[in-house]
Amino acid sequence: MKRIIALTLLSLFSVSMLSACNTVSGAGKDIEAAGDKIDDKAQDCKDGKC
C-alpha cells in the first residue's frame with residue numbers, strides 16, 4: 001500500500017514539474033518576443049522614423 005501511494009505521489013510530482021517547465025518556457029518566449037518588438041521600435045526611433 002505504501003508503495004502505491006509513493007508511486008502515485010511521484011507520478012503526480014513528475015507531471016506537475018513537466019507542466020511547470022512548459023509554462024516557464026512559454027513565458028520566456030513571450031518575454032523574448034516583447035523584447036524584440038521593443039528593440040525594433042528603439043531602432044526605428046534611433047533612425048528618426050518614430
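The following paragraphs describe the helix, the surface patches and a few residue positions of a predicted model. Local features were taken at pLDDT of at least 70 and side-chain atom pairs at pLDDT 80 or more, while totals for chains, interfaces and linings use all residues. Residues are numbered from 1 along each chain as its sequence is written, and side-chain values use heavy atoms, with hydrogens and water left out.

Helix α1 spans residues 2-46; helices here are DSSP runs of H or I with at least four residues, strands are runs of E with at least two, and both are numbered from the N terminus. A UniProt record, an unreviewed entry, places the feature "signal peptide" at residues 1-20; such annotations may be inferred rather than shown by experiment. Over residues 1-20 the chain is 95% helix and 0% strand, and the end C-alpha atoms of this stretch lie 29 Å apart.

A nonpolar surface patch is formed by M1, I5, L9 and L12, which together offer about 470 Å² of accessible area (Shrake-Rupley method, 1.4 Å probe, with only the protein chains shown as cover for residues). Patch members have over 30% relative accessible area and no salt bridge, with nonpolar side chains joined within 5 Å and like charges within 9 Å; a salt bridge is a side-chain nitrogen of Lys or Arg within 4 Å of a carboxyl oxygen of Asp or Glu. L12 counts as exposed because its relative accessibility is 54% (exposed is over 50%, buried under 20%, and partly exposed in between).

Negative charge gathers in a second surface patch, made of E32, D36, D39, D40, D44 and D47. Asp and Glu count as negative and Lys and Arg as positive, with His and the chain ends not counted; each charge is placed at CG of Asp, CD of Glu, NZ of Lys or CZ of Arg. E32 belongs to helix α1 and, at 52% relative accessibility, is exposed.

A27 also lies in helix α1 and is partly exposed, with a relative accessible area of 35%. The C-alpha atoms of A27 and A42 are separated by 23 Å, at 15 residues apart along the chain. K49, in the segment after α1, is exposed at 62% relative accessibility. Between the C-alpha atoms of K49 and I38, 11 residues apart along the chain, the separation is 14 Å.

Key:
Buried means under 20% relative accessible area, exposed over 50%, partly exposed in between (1.4 Å probe, protein chains only).
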